[in-house]
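User: I am new to this structure. Please show it to me, and then I will ask how some of its labels are justified.

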Amino acid sequence: MCGIIGYAGFRDVVSTILQGLTNLEYRGYDSAGMAIQDNGKIKIYKTLGKLINLKNELEMKRNELKHPALGIGHIRWATHGSPSLVNAHPHTCTCGRLVVVHNGIIENYKELREELIKKGCKFRSQTDTETIAHLVADEFSKTKDLEAAVRNSVKKLQGAYAICVMHQDVPNIIVGARKHAPMLVGVGEGENFIASDTPAIIEYTKKAIYLDDNQIAVITKDNVKITDVKGNEIKKKVEVLPWEPMALSKMGYKHFMLKEIHEQPDVIRNSLNGKLFDIDAPVNLKEVKLDKSILKKLNKIEIIACGTSLHAAMVGKYIIENFAEISVDVEASSEYIYRKTTTNSSTLVVGVSQSGETADTITAIKQAKEKGAHVLIITNRPDSNMARLADSLIPVNAGIEVSVAATKSYTAQLISFYLLAVHLAEIKGCIESSYLKNIKHELIQIPTKIEEILSDTTAIQECAKKFSSYKNFIYIARGVNLPTALEGALKLKEISYINATGYAAGELKHGPIAMLDETMPVLSIMVPGGITYEKVLSNSEEAKARNAKLIALTSSSDKELNNLFDVILKVPHVNEILSPVLTCVPLQLLAYYIAEFLGKDVDQPRNLAKSVTVE
């Protein structure tokens, strides 16, 4: 959720950067910092907490700044290392002459850190970002060319990054680079900007260049240069930013939904950040107030939710029962509130809502609290009504989700349930630690695997075009991916208005099979390595025998599948129990591209609202 802005120009540098950071505050953060190039020196200011603390700090030290020429600013949501001044951005190299701000996660920072320590670099923080500062400084010592140093350094980085770099010995320029994290250049007259999102610059310029992955930007007050990682200069289109606020953060995507689908790797990283530091350390859910004494008296867990959140809850049931060996019931909030329940003080009630303002779920939570239940809320809005009712809280950290069809908030909810299930299992000690370590290790790898899916969507687009004319769809799965089938069908239904239905694959022959013919496509979700793959394959063969068109969503490399399925959509290999976080992504994209081919209003489908605040 970090926010970045860099500025070179004629305006007051400090005020301009502070305003840009203010416009990025919606992202959430726990510290703020700024580096100013002033009178031949790099001066750094950092504070914990809200941005007002940095503003006050700079106000007191204004007399230190003589001729500020340019600067970079950052608001940080803690990832590697707790919120502290030493971990706050900007970060410097050993000598302090080079400074960097960073959004993202460097996955190979430990290996790089060890190499740099051997070269004499002195690390001060626990962050992955500091590794970038030392790495670029090491490269700069060889070339004395800051642009080349950044270019050579990013070739060694694995993970996601949007970075801005300044060096005391190279006055008047800022070098930025990005991969799997948003970054744009704001173009002005006698001034230029670099930022993580448009709100940071919209007050000053309506012209922007959106950087693509593996591109480098060099800005001065009078010039902007974009190159690839090989140093080849690229002529990029300068786009005019629209005035309407709803369009400001599309970042070049045609729709918010597509942008939010592509944000999911970073969203998952943000959901894991601060909670899963190390596979050898327990999951850290500081706002979940469940200890052994509370768990000992629990006889069941009830999860209540609506819509997409209900599907996340169904995955939650599966994994909590699997990991923590506690009985779990899942129910739509709208049903829960109109019947007599057995909820009591020995029940943990989990309420799930993207907005935290879903009326049915709020009513259900209030009823559960009246019966003495411990209430845990999973929401994207920790300032919401539901959060205020919570005894325990898991904020999903998905950021602002504009599109009505939930995508990134759904995957963030899934990650929250995995963290909760592992947390409960660790408290109870009911499952082998080696198994949990493997699960945590795979969880950390999930964002990279989603990026692999998002890097090439050609097959999904071709599938969407092929099936966009069909009026009905059936999605089938078993086990932990049954909710994925339901969610995939819901997405298609929501934004394309195609009648899509999800079924447990074993139920196909108990009624729905009567509907199967050449006009009814069947999408089968099949993840090998678990207990359901062969069964779903068998159910798919039953559908094929009725002339249904078949689509497989799988990680299997079995070439025999080509003889059965008309289309095969692939996902990277993953443990079956974690697969819902991967399998949902191609289904989101399939729904999106079908709706786009049909010319539907993707972001604001008819009759739907983002937050349902009435029962």
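**Labels and reasons**

Analyst: This is a predicted model. Start with S409, which touches Q354, A398 and E401, not counting residues up to four places away in sequence. S409 sits in helix 13, residues 408-428.

User: Why is S409 called buried?

Analyst: Buried means under 20% relative accessible area. S409 has 1% relative accessibility, so it counts as buried.

User: What makes the link between the side chains of S409 and E401 a polar contact?

Analyst: The cut-off is a pair of N or O atoms within 3.5 Å. The side chains of S409 and E401 are joined at 2.8 Å, as a polar contact.

User: How do you know that strand 2 and strand 3 pair?

Analyst: Pairing needs at least two bridges. Strand 2 (residues 31-38) and strand 3 (residues 41-48) have eight bridges, in the antiparallel sense. S31 stands opposite L48 of strand 3. The two strands form a hairpin with two residues between them. In the turn, N39 has a positive phi of about 55 degrees.

User: Why are helix 15 and helix 18 called oblique to each other?

Analyst: Helix 15 (residues 458-467) and helix 18 (residues 580-597) pack at an angle of about 50 degrees. Angles under 35 degrees count as roughly parallel, and 65 to 115 as roughly perpendicular. The pair fits neither range, and is therefore oblique. The axes are 8 Å apart.

User: Which residues make that contact?

Analyst: Helix 15 gives I460, Q461, C463, A464 and K465. Helix 18 gives P586, L589, L590, Y593, I594 and F597. The crossing of helix 15 past helix 18 is right-handed.

Methods
Residues numbered from 1 in each chain as written. Predicted model: local features only at pLDDT ≥ 70, side-chain atom pairs only at ≥ 80, totals over all residues. Heavy atoms only, no water. Helix = DSSP H or I, 4+ residues; strand = E, 2+ residues; numbered from the N terminus. Buried < 20%, exposed > 50% of the residue type's maximum accessible area, 1.4 Å probe, protein only. Polar contact = N/O pair within 3.5 Å; in protein donor to acceptor, adjacent residues only side chain to side chain. Contact = heavy atoms within 4.5 Å. Axes fitted to C-alpha atoms, helices over the stretch in contact; angles between N-to-C directions. Parallel < 35°, antiparallel > 145°, perpendicular 65-115°, else oblique. Left-handed = near helix turned anticlockwise from the far one by under 90°.
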